[in-house]
Structures are given as structure tokens and as C-alpha cells.
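Visitor: Before we begin, I should like to hear the reasoning behind each label that is applied to this model.
Guide: Certainly; let us take the labels one at a time.

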Amino acid sequence: MAKIISLVNQKGGVGKTTTSINLAAALGKEGKKTLLVDLDPQGNASTGLGLNNNDFENDIYDVITGVCDIKDAIIKTKFKNLSIIPATINLAGVDVEFVKKMLEDETFKQNEQLKNALERIREKYDYIIIDCQPSLGISTMNALVASDSVIIPVQCEYYALEGITQLLNSIILVQSNLNPNLRIEGVLLTMLDGRTNIGLDIIEEVRKYFKSKVFNTIIPRLVRLVEAPSHGKPISDYDPTSRATLAYQNLAKEVISRNGD
């Protein structure tokens with residue numbers, strides 16, 4: 001039975017998609033059968049694994065709106081133990097589609113569509129990683145309702161904790177009303193430039209705020225990590241000797257350890 005983990009932060013540019021891709025790939029290399037769900041209309045997790053719109057007929061929008069069965073949207077990648085459900089710009093219209101469905105059917109539950117879909121294939125994977133868009137809209141709420149836990153990426157830069165209170169309040173709201181079992185898997189420090197004092201100050205501030213919830217692994221800011229998506233590869237395949245490859249492999253091991261696997 002898969003552990004479902006969402007990568008969530010309504011603030012953009014924190015390394016969320018980069019982490020979704022590379023954590024999923026690292027879990028696969030650790031022998032865990034992993035499914036990456038791209039839940040961002042930009043589709044960057046999909047292109048980051050080498051997919052384009054011509055490579056598939058169905059996407060996550062088709063799944064959660066009932067156009068296709070979830071099994072028909074899963075694509076096996078060329079990377080070890082890693083599959084993906086891609087996203088396209090169609091996902092940007094899901095809010096309107098769900099409002100329409102609610103008007104047509106009063107029993108329709110807009111926040112449970114992803115959960116219901118994932119339950120049908122959950123036993124086939126060890127981990128399901130969901131890359132959420134940088135917002136707290138309907139798609140992200142679907143992810144929180146479907147998930148066992150969340151990873152919150154926080155960049156090691158000024159204003160790093162901006163918006164975190166709003167995100168935590170949203171998580172508490174979901175726990176109280178929709179998914180009482182949801183928990184914070186951990187807070188991940190990203191984009192560390194070790195040459196700057198501000199990065200080290202942010203690490204101290206975040207660890208003081210979140211305490212044991214902060215992962216030991218810190219993701220460095222590296223050019224090779226930025227380059228990898230343009231080549232359609234996770235960093236572990238683009239540059240196996242990179243410090244980022246080691247970092248994400250260590251993160252995968254931490255996630256596995258925290259889940260007792």
C-alpha cells in the first residue's frame with residue numbers, strides 16, 4: 001500500500017517541482033516502486049522527465065474529471081521504478097469544471113476526486129509523490145485530502161517563512177474537516193548557497209521554528225540541478241556524481257526511514 005506524500009508550498013520558486021522529480025527518482029533507485037503525480041498546470045514535472053504533450057493521450061485533468069480511468073493515464077518512464085501521471089494546461093480549468101459538476105450533482109465532492117482515483121491504484125506502489133501547484137486552490141486541496149503527509153520545501157533565502165502560516169492553517173483545516181490522518185512529513189531546506197550568511201541564518205531560523213520536523217538533508221543551489229529538467233532527466237541520471245544527486249538520495253533514505261520501510 002503506497003504512502004502518498006504531497007509537496008506543498010503556495011509560494012513559487014522554492015524547489016517544489018525539482019524536489020518532486022528528484023525525490024521520486026531517488027526513491028525508485030532505492031528500490032521503491034514510485035508514482036509521480038503532476039498536479040501543476042504548468043506541467044513542469046512532466047517535461048522534467050522528458051515528456052511532451054504528444055507523448056500521452058490522458059493527463060491528471062482527465063483522471064479527476066472522470067474522462068478516463070487513472071490506469072489509462074499512468075506512463076512508465078525510462079527511469080528505475082518510476083511512473084508518472086502527467087499534467088497539461090487543461091488542469092487550470094478544473095475549478096470551473098468542478099463548480100459545474102457541483103451544480104449538476106449535489107452529492108459531488110470536489111475535494112475528494114484525486115483521493116478516489118488514487119485509491120484504485122494505491123496497492124501497486126510503495127510511494128506516490130504529488131507535485132502541487134503554487135496555490136492553495138481546489139487542486140492542492142485535492143492533494144491534501146488524498147495524502148498521508150506533506151513535505152514543505154523552504155528555500156534558504158530571505159522571506160523564506162513568508163506564507164508558511166497560511167499553509168499551516170490550511171493543513172490544520174484539512175485535518176479538522178477532511179483528512180484527520182494528514183501529517184507533516186517534514187520541512188525541506190532547499191537552494192542553499194553555502195557562501196552566504198543569510199542561508200545559514202535561515203537554516204537556524206527554520207530549525208528553531210519546526211524543530212525535529214526539519215529534514216537533516218539540505219538541497220544545495222547548483223547549476224547542474226537547474227540544467228537537468230531541460231534535458232528531461234532527474235539529477236541522478238543527468239549528473240550521477242553531483243552533490244545534488246547525493247542530497248536527494250539522502251532525502252529518499254530519510255523519507256524511507258521515517259516511514260519505517
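**Reasons behind the labels**

Guide: Leu36 stands opposite Ile129 in S5. Please keep in mind that the model is predicted.

Visitor: What makes strand S2 and S5 a pair?
Guide: Pairing requires at least two bridges between the strands. Strand S2 (residues 34-39) and S5 share six bridges, in the parallel sense, so they meet the requirement.

Visitor: Which other strand is joined to S5, and by how many bridges?
Guide: Strand S1 (residues 3-7) runs parallel to S5 and is joined to S5 by five bridges. Ile5 has Ile129 as its bridge partner in S5.

Visitor: Why is strand S5 called mostly covered?
Guide: Six of the six residues in S5 (residues 127-132) are buried. Tyr127, Ile129 and Asp131 point one way, while Ile128, Ile130 and Cys132 point the other way.

Visitor: To which cores do residues of S5 belong?
Guide: Ile128 and Ile130 are among the residues with the most contacts inside the largest nonpolar core, which has 53 residues. Helix H6 (residues 138-146) gives the most to this core, with six residues. Tyr127 and Ile129 are included in a second, separate core of 35 residues. In soluble globular proteins, nonpolar side chains tend to be buried together.

Visitor: Why is the pair of Phe98 and Phe108 called edge-to-face?
Guide: The ring centres are 5.2 Å apart and the planes stand at 65 degrees. Pairing asks for centres within 6.5 Å, and edge-to-face for planes over 60 degrees apart, so both conditions are satisfied. Phe98 lies in helix H4 (residues 94-104) and Phe108 in the loop between H4 and helix H5 (113-119), so the pair ties together parts that are ten residues apart in sequence. Both Phe98 and Phe108 are buried.

Visitor: How do you know that Tyr209 is partly exposed and Phe210 buried?
Guide: Buried means under 20% relative accessible area, and partly exposed lies between that value and 50%. Tyr209, at 45%, therefore counts as partly exposed, whereas Phe210, at 9%, counts as buried. These two residues form an aromatic pair that is edge-to-face, with 4.7 Å centre to centre and 70 degrees between the planes.

Visitor: What makes Lys33 lie over the face of Tyr125?
Guide: The distance from Lys33 to the ring centre of Tyr125 is 5.5 Å. The cut-off is 6 Å, so the distance condition is met. The label also requires a position within 35 degrees of the ring normal, and Lys33 is assigned to the face of Tyr125.

Technical notes. Residues are numbered from 1 along each chain as its sequence is written. This is a predicted model: local features need pLDDT of at least 70, side-chain atom pairs count only at pLDDT 80 or more; totals for chains, interfaces and linings use all residues. Side-chain values use heavy atoms; hydrogens and water are left out. Rings of Phe, Tyr and Trp (its six-membered ring) pair if their centres lie within 6.5 Å; planes under 30 degrees apart count as stacked, over 60 as edge-to-face and the rest as tilted. Helices (H or I, at least four residues) and strands (E, at least two) are DSSP runs, numbered from the N terminus. Buried means under 20% relative accessible area, exposed over 50%, partly exposed in between (1.4 Å probe, protein chains only). A nonpolar core is a set of buried Ala, Val, Leu, Ile, Met, Phe, Trp, Tyr and Cys residues joined through side-chain atoms within 4.5 Å.
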